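Me: I have not seen this structure before. Please take me through its main features in a series of questions.

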Amino acid sequence: MMSDKVRPHHLERKAILYVRQSSAHHVLHNRESSALQYAMRDRLTALGGQRLK
């Protein structure tokens, strides 16, 4: 579902989402942070963003 606030000119703009984890400890002990970052990635992909590796 796309927000009414997202207009065609927004979709024409480039955006980058950088997902990173600081350390193995962070990955193991801050799972909510990781989940939120990956959920944002999935949402941007659903809005038509291109996923790069």
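The exchange below covers confidence, fold, overall form, one helix and the main pocket.

Me: What is the mean pLDDT of the chain?
Reply: This is a predicted model, and pLDDT is the predictor's confidence in each residue, from 0 to 100. In the chain, 91% of the residues reach 70 or more. The mean pLDDT of the chain is 80.

Me: In which helix is confidence highest?
Reply: Confidence is lowest in helix H2, residues 24–29, where the mean is 80. A mean of 85 marks the highest confidence, and it belongs to H3.

Me: How many helices and strands are there in the chain?
Reply: From the N terminus on, the elements run α-α-α. The count is therefore three helices and zero strands.

Me: Why is the chain described as more spread out than a compact globule?
Reply: For 53 residues the globule rule gives 10 Å. The C-alpha trace spans about 40 × 20 × 10 Å along its principal axes, and 6% of the residues count as buried. The chain is called more spread out because its radius of gyration is well over the value from the rule, at 14 Å.

Me: What distance separates the end C-alpha atoms of H3?
Reply: H3 has 16 residues, and the expected span of a helix is 1.5 Å times one less than its number of residues. H3 should therefore span 22 Å. The model agrees, with its end C-alpha atoms apart by 22 Å.

Me: Which residue just after H3 takes a positive phi?
Reply: The phi angle in question is about 110°. The residue that takes it, just after H3, is Gly48.

Me: Is Arg31 buried or exposed?
Reply: Arg31 lies in helix H3, and its C-alpha is 31 Å from that of Arg13, although the two are 18 residues apart in sequence. A residue counts as exposed when its relative accessible area is over 50%. The value for Arg31 is 57%, so Arg31 counts as exposed.

Me: Which element gives the most to the lining of the largest pocket?
Reply: The largest pocket has a volume of about 770 Å³. Of the 18 residues that line the largest pocket, the closest to its centre are Ala15, Ile16, Leu44, Gly49 and Gln50. Helix H1 (8–12) and helix H3 (31–46) are the elements that give two or more residues to the lining. With three residues, the element that gives the most is H3.

Me: How many nonpolar residues does the lining of the largest pocket have?
Reply: By class, the lining has five polar and four charged residues. Its nonpolar residues number nine.

Terms used
Residues numbered from 1 in each chain as written. Predicted model: local features only at pLDDT ≥ 70, side-chain atom pairs only at ≥ 80, totals over all residues. Heavy atoms only, no water. 1 Å grid on protein atoms, 1.4 Å probe; cavity = no way out; pocket = protein on both sides within 12 Å on 5 of 7 lines; lining within 4 Å. Points joined across faces, edges and corners; volume = space filled by probe spheres on them. Helix = DSSP H or I, 4+ residues; strand = E, 2+ residues; numbered from the N terminus. Nonpolar A, V, L, I, M, F, W, Y, C, P; charged D, E, K, R; others polar. Buried < 20%, exposed > 50% of the residue type's maximum accessible area, 1.4 Å probe, protein only. Rg over C-alpha atoms; globule rule 2.2 N^0.38 Å.
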